[in-house]
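Here's a quick briefing to read with the model open in your viewer. Strands come up before pockets, so keep the ribbon view handy to start with.

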Amino acid sequence: MRDTRESRLLLVLLVAIAFALITVDIRGGQESPVDGARQAAAAVFGPVENGVASAVDPIGNAIGAVRDSGERHDRLAALEQENAALKAKLGSDDRNRSRLRELDTLLKTAGAGQYGIKGAQVIAIGAAQGFSWTVTIDAGARDGIRRDMTVLNGAGLVGRVTTVGPSTSTVLLANDPDFTVGTRLEKTAELGFATGQGNGPLLVQLLNGKAKVKPGDRLVTFGSHGAKPFVPGVPVGEVVRVDPLGGGLTRNVYVRPYVGFSKLDIVGVVVQAPRTDPRDTVLPPKPKPAPTVTVTVTPPPPPDGQQPGQNQQQGENQQPGQNQQQGQAQPQGDQPAVKPDEQTQQQDPQTQQQDPQAQPQDPPQDQGEQTP
């Protein structure tokens with residue numbers, strides 16, 4: 001269609017008619033004059049619209065499903081990433097809390113013994129030097145670590161430094177068979193030497209063969225000259241078994257170490273020894289025994305007018321037939337008291353009846369009568 005003057009006038013006329021119909025329809029409300037025309041158009045074009053919609057809806061639904069599936073897949077992938085990140089964060093938080101607890105315990109132990117320590121982390125188990133029970137820590141000569149320094153954690157003695165590198169060091173653990181440390185018993189101060197036995201308890205040889213020791217006694221390090229390789233007062237372990245006296249010069253006891261050598265993480269290297277021997281102050285306080293619970297059973301109340309335990313005592317002390325004799329001997333009613341003389345007279349006839357063989361005495365003869 002060409003853009004002419006007549007076409008423009010027709011377009012303006014149609015637009016004006018449309019606005020007029022819209023205005024009339026809005027003002028008419030439910031009684032609009034074009035309502036009939038609307039219904040007729042709906043009756044004519046409604047089936048056509050339904051047919052077109054039924055034909056077009058599957059295609060639209062398929063397109064929408066494809067588009068929504070992509071969005072759902074992206075959303076699912078995003079949720080999986082968030083879930084993995086939350087799990088990693090939760091695991092790291094638990095790990096960090098555990099390490100913070102170990103570090104806090106280590107600082108408390110170092111503070112109790114007045115040890116100057118350098119914190120380190122175990123980064124490897126075993127070393128190239130051929131030691132059977134060793135670990136590698138991430139602290140070396142650059143951190144002030146030197147050979148033959150004591151290594152501990154919050155529980156007690158871990159071992160001693162054997163090899164030092166620029167940024168790492170090798171620690172010989174206390175349970176290694178080549179490890180030996182001087183020990184001292186708590187309270188009695190008996191001296192000995194502890195030797196590692198791998199996975200088993202430490203073997204301690206007490207210098208006094210008659211030393212009094214029992215399971216549950218605790219040991220600490222005795223210390224070395226110049227605090228190398230061991231500083232004094234570090235907790236070693238607890239006695240679990242004592243060999244019987246054999247008359248030797250030494251006595252063997254077996255000690256369970258405080259440190260779990262298979263789960264080491266945060267440790268401290270003692271770079272400065274204490275000024276004074278802490279002796280037993282680094283040992284944790286012994287746990288208090290559990291209180292004993294006493295249960296008191298109250299017997300039921302006795303019947304009215306009866307004292308507790310009266311029937312039982314009477315039943316135990318009373319002999320058979322005693323009730324019958326008591327019933328026969330008990331006087332009935334009020335009777336006058338009997339005097340001793342009358343009681344004796346009353347008993348005489350009874351005595352005579354009991355002795356029927358007694359012969360009566362001859363009556364006394366009259367002195368005035370003579371026999372012819």
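In this predicted model, six strands close up into a barrel in the order S1-S2-S5-S4-S3-S12, and their pairing is antiparallel. Going from one strand to the next, the twist averages 45°. There's a further closed barrel of six strands, S6-S7-S8-S11-S10-S9, again with antiparallel pairing. Here the twist from strand to strand averages 40°.

**The barrel that runs from S1 to S12**

- Start at S3 (residues 150–152), which pairs with S12 (residues 266–272) in the antiparallel sense over two bridges.
- To spot that pairing on screen, look for Leu152, which sits opposite Gly268 in S12.
- S4 (residues 157–164) is antiparallel to S5, and five bridges hold the pairing.
- One pair to pick out there is Arg160 with its bridge partner in S5, Leu172.
- The link from S4 to S5 is a hairpin, made through four residues.
- On the S2 side, S2 (residues 134–137) and S5 run antiparallel and are joined by four bridges.
- Thr136 has Thr170 as its bridge partner in S5.

**A closer look at S5**

- How many of the residues of S5 (residues 169–173) are buried? Five of its five, so to speak the strand is mostly covered.
- Which residues sit on each side of S5? Ser169, Val171 and Leu173 are on one side, with Thr170 and Leu172 on the other, and all are buried, leaving both faces covered.
- That puts Thr170, the bridge partner of Thr136, and Leu172, the bridge partner of Arg160, on one side of S5.

**The barrel that runs from S6 to S9**

- S10 (residues 235–242) pairs with S11 (residues 251–257) over five bridges, in the antiparallel sense.
- If you want a marker for that pairing, try Val239, whose bridge partner in S11 is Val255.

**The largest pocket**

- The largest pocket comes out at a volume of about 250 Å³.
- It has 16 lining residues, and the closest to the centre of this pocket are Glu186, Gly216, Asp217, Arg218 and Lys286.
- What's the make-up of that lining? It divides into eight charged, six nonpolar and two polar residues.

**The second largest pocket**

- The second largest pocket has a volume of about 160 Å³.
- Its lining takes in Glu102, Thr105 and Leu106, then Asn153, Gly154 and Ala155, and finally Gly260, Lys263, Leu264, Asp265 and Ile266.
- Which element gives the largest share of this lining? That's helix H2 (residues 35–113), with three residues.
- The lining of the second largest pocket divides into four nonpolar, four polar and three charged residues.
- Ile266 belongs to this lining, and S12 covers residues 266–272, so you can step from this pocket straight back to the barrel strands.

**The chain as a whole**

- The protein chain has five helices and 12 strands.
- Of its 372 residues, 26% are buried.
- Taking contacts between residues at least 6 apart in sequence, 58% join residues that are at least 24 apart.

Key: Residues numbered from 1 in each chain as written. Predicted model: local features only at pLDDT ≥ 70, side-chain atom pairs only at ≥ 80, totals over all residues. Heavy atoms only, no water. 1 Å grid on protein atoms, 1.4 Å probe; cavity = no way out; pocket = protein on both sides within 12 Å on 5 of 7 lines; lining within 4 Å. Points joined across faces, edges and corners; volume = space filled by probe spheres on them. Nonpolar A, V, L, I, M, F, W, Y, C, P; charged D, E, K, R; others polar. Buried < 20%, exposed > 50% of the residue type's maximum accessible area, 1.4 Å probe, protein only. Pairing = 2+ DSSP bridges. Axes fitted to C-alpha atoms, helices over the stretch in contact; angles between N-to-C directions. Contact = heavy atoms within 4.5 Å.
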